[in-house]
Amino acid sequence: MLRQMKLATLQLLKSGGIFDLVANSRWRQQRLLILCYHGIALNDEHLWRPGLYMEPTVLEQRLETLKRGNYAVLPLGQSLDRLRAGTLPPRSVAITFDDGTFDFYKQAFPRLKSCGFPVTVYQTTYYTDLQRPIFNLITSYMLWKRRAESIADGREIGLPGPLDLRTEASRHRVVLRLLEIADREGMSGAQRDELSARLAALLGIDYETLVSTRMLQLMNAQELREVASSGVDVQLHTHRHRTPEDETLFRREIQDNRDRILALASTSPRHFCYPSGVYRRMFFPWLAQEQVISATTCDSGLATRDSEMLLIPRFVDTQNKTGTDFESWLSGVGDLLAVHRTASQTYVPAET
Ligand SMILES: [Zn+2]
């Protein structure tokens with residue numbers, strides 16, 4: 001009901017010319033909208049996790065809206081420099097993708113390229129080396145594939161007793177228990193992948209066929225090199241997609257991530273994105289020590305000249321947002337009307 005009222009209000013503001021008025025205002029020109037995307041579905045990932053995956057046709061509609069609306073899509077670094085200098089063009093936008101998945105390479109990159117839009121990829125790198133599906137995602141996806149079922153006994157995967165797969169909450173509990181086993185036993189990525197294969201067998205899923213689709217995997221070294229040499233700006237997202245609350249471990253995440261990006265993309269990244277949008281103030285001096293000059297969050301908002309450079313908000317675009325929602329954020333109206341700004345600061349291993 002509330003959502004319908006909000007959409008009706010947005011429609012009214014749009015048809016009344018308010019979107020255009022705000023989009024062309026001096027207020028908007030002093031602000032930057034940074035768009036945040038995750039995955040673009042290769043198959044049915046958007047039905048499994050619509051907050052993380054989007055259908056390619058939705059992305060196409062978004063890009064069309066950007067083109068039609070004469071938005072100035074700028075490279076991230078340049079847009080942040082110009083934000084600070086007060087020299088942004090009207091209707092400025094930067095596009096970012098988190099994680100650097102294979103589906104970015106396959107689905108997003110060709111579409112962005114044909115529009116001539118610059119893009120930043122915040123690349124996490126552990127699974128770039130491993131080239132297997134991301135453990136917590138593939139296990140969740142496979143359980144969802146069997147969402148009408150209950151499994152009589154999960155002993156095969158270390159979970160004796162029945163497994164109910166019929167609700168999102170009960171499936172999530174199974175993923176958490178698997179993660180707990182993997183962490184407790186100190187499993188390597190390869191060992192976690194063997195556990196995924198055992199789960200697939202239990203569920204009657206052909207794991208190697210699923211792996212061959214490259215779903216829920218990252219770009220490999222060759223693909224990363226290719227997009228970087230085609231102008232994709234590859235930046236930091238930690239090596240293992242985590243932010244330990246210990247300086248040495250935290251900085252090692254940045255260093256390992258930077259080393260891989262430097263080796264593969266031949267650039268020295270200085271921009272960072274917090275994995276899962278989780279940040280703590282204690283991270284700021286550690287990021288500064290690592291020469292990081294900007295860090296983006298999943299908090300909603302337009303960036304202003306006064307935004308803290310290590311706490312830059314974005315607009316997280318998802319499958320469930322309507323075209324009008326999207327346009328409201330492009331114009332700046334979405335920012336003016338925003339109620340919920342802060343992303344959850346509880347680490348949920350739901351993302352890569
Ligand atoms: Zn991420």
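In this predicted model, C36 stands opposite V316 in strand 12. The exercises below start from that strand and move outward.

**Exercise 1. Place strand 1 in its sheet: which strands does strand 1 pair with, and in which sense?**

Solution. Begin with strand 12 (residues 312–316): strand 1 pairs with strand 12 in the parallel sense, over two bridges. Next take strand 5, which also pairs with strand 1 in the parallel sense, here over five bridges. Within strand 5, F97 is the bridge partner of Y37.

**Exercise 2. Decide whether the faces of strand 1 are covered or not.**

Solution. Strand 1 spans residues 33–37, and five of its five residues are buried. In a regular strand, side chains alternate between the two faces of the sheet. Sorting the residues by side puts L33, L35 and Y37 on one face and I34 and C36 on the other. Both faces are covered.

**Exercise 3. Search for disulfides, and explain why C115 and C273 form no bond with their closest cysteines.**

Solution. The cut-off is a sulfur pair within 2.5 Å. For C115, the closest cysteine sulfur is in C36, 19 Å away, which is too far for a bond. For C273, the closest is in C298, and at 5.8 Å that is too far as well. C273 is also buried, at a relative accessible area of 0%. Over the whole structure the count of disulfides is zero.

**Exercise 4. Describe the zinc site: which residues coordinate the zinc ion, and what parts of the chain does the pair D99 and H237 tie together?**

Solution. The donors are D99 through OD, and H237 and H241 through NE2, at 2.1 to 2.2 Å. Their spacing in sequence reads D-x137-H-x3-H. D99 belongs to strand 5 (residues 92–99), while H237 sits in the loop between strand 9 (233–236) and helix 14 (247–265), so the pair ties together parts 138 residues apart in sequence. Both D99 and H237 are buried.

**Exercise 5. Identify the residues of the largest nonpolar core that touch the most other members.**

Solution. This core has 53 residues, and those touching the most other members are L66, I95, F97, F104 and L287. Helix 7 (residues 102–115) gives the most to the core, with seven residues. Take F104 as a case: not counting residues up to four places away in sequence, F104 touches F97, F109, P110, L112, V119, V121, M219, V227 and V232. A second, separate core holds 36 residues, including L143, L178, M187 and I205.

**Exercise 6. Check the span of helix 10, then find what its buried residues pack against.**

Solution. Helix 10 covers residues 168–184, 17 in number; at 1.5 Å a residue the expected span is 24 Å, and the end C-alpha atoms are 24 Å apart, which agrees. Its buried residues are S170, R171, V174, V175, L178, L179, I181 and A182. Residues three or four places apart in an α-helix point the same way, because there are 3.6 residues a turn. The buried residues of helix 10 pack against helix 9 (135–145), strand 8 (163–164) and helix 11 (189–203). Just after the helix, G186 takes a positive phi of about 55°.

**Exercise 7. Is L165 buried or exposed, and what does L165 contact?**

Solution. L165 lies in the loop between strand 8 and helix 10. Its relative accessibility is 0%, so L165 counts as buried. Beyond neighbours within four places in sequence, the contacts of L165 include S170, R171 and V174, along with L143 and L203.

Key: Residues numbered from 1 in each chain as written. Predicted model: local features only at pLDDT ≥ 70, side-chain atom pairs only at ≥ 80, totals over all residues. Heavy atoms only, no water. Buried < 20%, exposed > 50% of the residue type's maximum accessible area, 1.4 Å probe, protein only. Helix = DSSP H or I, 4+ residues; strand = E, 2+ residues; numbered from the N terminus. Expected span 1.5 Å × (residues − 1). Contact = heavy atoms within 4.5 Å. Donors = N, O, S within 2.8 Å, 3.2 Å for Na, K, Ca; no water. Core = buried A, V, L, I, M, F, W, Y, C linked by side-chain atoms within 4.5 Å. Pairing = 2+ DSSP bridges.
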